[in-house]
Amino acid sequence: MLDRILNKCEEEWIRALTHKKHSFRFFNLATSNTNIPELRVVVLRDYDSKKKEFTIYSDARSQKVLSLENNKNVELLFYDPEKLTQIRVQATCIQMTEDNSLFDQQPAASQKDYTTRLAPGTFIESDISVDFLKGKHYFMKIIFEATQIEYLQLKRPVHIRALFKKQESKWIGKFRTP
Ligand SMILES: Cc1cc2nc3c(=O)[nH]c(=O)nc-3n(C[C@H](O)[C@H](O)[C@H](O)COP(=O)(O)O)c2cc1C
């Protein structure tokens, strides 16, 4: 049963890569730079089930990148509203790379997201005062490696809660009181 739960989570992360409407395509990424938590929505771009690695793309000038430089510990939160299932993944940021060839493979509209003249978060006069750079980008690939996965499904008669942790090279699961 525990193995089935973890396998199901992995199957859903993989499905989310190709199914645009999948509820795990967007997830919440929590970082902590000082002692103030920082949460934001990001897109799951890749998932490696062998290494349990999650990839996102971002602007290298964004606050999350600054925060990750100071503190590599993060939490990822996935939620499926139909199955009332929440998955909390504790992870470590293991890679932040400005990847030119991957940038070239992105659709033109997406490429634009990483080419604003001013850094993300800079105050501007109006919503139309956004300029884009030509021939320069701040596209960054960021990879998180899971260290702990907690699954919770609300259902009757009993909710299901389980914790999976990496011990040496194996993932060991245990049920918890929901
Ligand atoms: C639906 C949605 C998807 C988003 N996807 C991403 C993403 O994949 N990468 C990203 O850096 N920001 C994404 N954002 C924007 C972030 O939520 C956030 O506002 C931005 O990255 C700045 O965050 P920061 O200042 O903490 O770095 C997305 C926002 C929304 C609403």
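Trainee: By class, which residues make up the shell around the ligand?

Mentor: Seven are nonpolar, four are polar and three are charged. Keep in mind that this is a predicted model.

Trainee: Which residues come nearest to the ligand?

Mentor: Arg 40, Ser 58, Ser 62, Gln 63 and Lys 64, out of the 14 around the ligand. Two or more shell residues each come from β2 (37–43), β4 and α2 (63–70). The largest share, five residues, belongs to β2.

Trainee: What makes a residue count as near the ligand?

Mentor: Its C-beta atom, placed from the backbone, must lie within 6 Å of the ligand.

Trainee: Why is Lys 52 called buried?

Mentor: The cut-off for buried is 20 or more other C-beta atoms within 10 Å. Lys 52 has 21, so Lys 52 is buried. This lysine sits in the loop between β3 (46–48) and β4 (53–59).

Trainee: What is the phi of Lys 52?

Mentor: Near 55°. That is a positive value in a residue other than glycine.

Trainee: Leu 84 also has a phi value listed as positive. Is Leu 84 buried or exposed?

Mentor: Exposed. The limit for exposed is 12 or fewer other C-beta atoms within 10 Å. Leu 84 has 12, so Leu 84 meets that limit. Its phi is near 45°. Leu 84 is placed in the loop between β5 (73–80) and β6 (85–97).

Trainee: What makes strand β9 (residues 170–176) hardly covered?

Mentor: Look at the count of buried residues among its seven: zero. A buried residue needs 20 or more other C-beta atoms within 10 Å, so no residue of β9 reaches that number.

Trainee: How do you know that β8 and β9 pair?

Mentor: Pairing takes at least two DSSP bridges. Seven bridges join β8 to β9, so the two strands pair. They run antiparallel. Phe 164 stands opposite Gly 173 in β9.

Trainee: How many residues lie between β8 and β9 in their hairpin?

Mentor: Two. Glu 168 is in the turn, with a positive phi of about 55°.

Trainee: Which peptide bond is cis?

Mentor: The bond from Arg 156 to Pro 157. Its omega is near 5°.

Trainee: Where does Pro 157 lie?

Mentor: In the loop between β7 (139–153) and β8 (160–167). That β8 is the strand joined to β9 by seven bridges.

Terms used:
Residues are numbered from 1 along each chain as its sequence is written. This is a predicted model: local features need pLDDT of at least 70, side-chain atom pairs count only at pLDDT 80 or more; totals for chains, interfaces and linings use all residues. Helices (H or I, at least four residues) and strands (E, at least two) are DSSP runs, numbered from the N terminus. Ala, Val, Leu, Ile, Met, Phe, Trp, Tyr, Cys and Pro count as nonpolar, Asp, Glu, Lys and Arg as charged, and the others, Gly among them, as polar.
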